[in-house]
Amino acid sequence: MDAPFESETAIFRSPGRRPCWERALVLQARGIPQRVARESAGHRLLVPAALAEQALTELQDYATENVDWPPLHGPPPYLGHGLRAAWIYVLSLGLFYPIGRYDFVRLDWWDRGKLVAGDVLHGEWWRATTALTLHGGAGHLIGNLAFGWGFALLAAHSMGTGLTWMGILLAGTLGNLLNAAIQDPSHTSIGASTAVFGCLGLMASYEWVRRERLHLGSMRRLAPLLAAATLLGYLGMGSDQAGRAPTDVLAHVMGMVMGMILGWLIGRTRLPDRISPTGQRILALLVPCWIVLTWVLALTSR
């Protein structure tokens with residue numbers, strides 16, 4: 001390999017030896033004679049002059065096939081901090097709490113907005129969304145504000161603000177619809193926790209797909225799903241306590257399931273890479289519009 005050829009041509013040069021040796025191995029695998037020689041500026045890869053064109057073609061094919069290799073194992077691309085939207089979520093739910101609890105402008109917001117499984121199945125589908133904005137007490141509200149704020153910030157970094165909040169709303173609404181279909185017709189439910197766990201499932205499933213695309217090890221791929229399942233078990237499986245409404249465990253599970261389905265779809269279609277900043281803003285604006293629309297339907301349906 002080190003002996004000079006009768007007529008040879010340099011097809012590649014590099015300051016270090018390793019890039020030349022890497023390409024020499026590619027040519028060796030293709031049966032093309034080659035050698036690496038040292039020169040004043042570094043190293044060069046030499047092949048017989050008659051085989052120079054074939055060697056260059058092989059190296060070009062090798063470069064094309066390995067353009068994305070090795071994969072980057074870093075964090076996902078940063079698409080936005082989502083801080084403004086997260087604070088709007090906190091302020092909106094906080095301000096709406098007394099409205100829902102104390103019959104603002106003499107309207108029974110609580111009765112018209114809570115999820116009643118039988119009513120949902122008989123056409124009042126908007127309750128699946130309006131129920132997300134009602135809370136039974138300060139502790140219930142604060143828990144959903146804190147965890148919803150934190151989970152949404154993390155998700156927005158990799159999926160973008162608009163896509164994240166639209167995903168949260170869809171996961172919460174679809175989770176409530178599925179919960180209503182499974183539960184007894186008299187079952188009632190309120191609270192943003194279905195959407196909060198939907199966000200957790202959304203984020204975990206999207207990250208699982210992203211890591212699978214990077215060909216990471218099986219445990220690194222499963223880690224987001226295992227973390228989400230652990231948080232669901234720790235935060236979402238609370239037992240009944242005196243003076244408090246029972247925890248709707250099935251709503252938490254359904255929200256997370258729907259979030260995982262949406263996260264998988266977003267990851268497979270690479271939506272965060274396809275949606276422009278303007279598209280993200282439009283999706284973010286559609287979220288409060290949808291919530292207002294469902295409340296208009298709830299307050300005018302009777």
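Which residue of β3 is the bridge partner of Arg 35? In this predicted model, the partner of Arg 35 is Leu 46, and the pair belongs to a ladder in which five bridges join β2 to β3, a strand spanning residues 42–48, with the two strands running antiparallel.

These two strands form part of an open sheet of three strands, which are arranged in the order β1-β3-β2 and paired in antiparallel fashion. Because β1 (8–14) and β2 (35–39) stand at the edges and each has a single partner strand, one side of each is left without a neighbour in the sheet. When direction is ignored, neighbouring strands of this sheet are turned against each other by 35° on average.

Two helices accompany the strands. Helix α1, made up of residues 18–29, packs on the sheet and touches β1, β2 and β3, while its direction makes about 20° with that of β3. Helix α2, made up of residues 52–65, lies across β1 and β3 and runs at about 25° to β1.

With regard to cysteines, the structure holds zero disulfides. Cys 20 has a relative accessible area of 0% and is therefore buried, since the cut-off for this class is under 20%; Cys 199, with a relative accessible area of 2%, is likewise buried.

The mean pLDDT of the chain is 88, and 90% of its residues reach 70 or more. Over residues 239–244, however, the pLDDT is below 50, and this stretch has three contacts in the model beyond near neighbours in sequence. Where pLDDT is low, the predicted coordinates should not be read in detail.

Conventions:
Residues are numbered from 1 along each chain as its sequence is written. This is a predicted model: local features need pLDDT of at least 70, side-chain atom pairs count only at pLDDT 80 or more; totals for chains, interfaces and linings use all residues. Side-chain values use heavy atoms; hydrogens and water are left out. Two strands pair if DSSP finds at least two bridges between them. Helices (H or I, at least four residues) and strands (E, at least two) are DSSP runs, numbered from the N terminus. Axes are lines fitted to C-alpha atoms, for helices over the stretch in contact, and angles run from 0 to 180 degrees between N-to-C directions. Contact means heavy atoms within 4.5 Å. pLDDT is the predictor's confidence in each residue, from 0 to 100. A disulfide is a pair of cysteine sulfur atoms within 2.5 Å. Buried means under 20% relative accessible area, exposed over 50%, partly exposed in between (1.4 Å probe, protein chains only).
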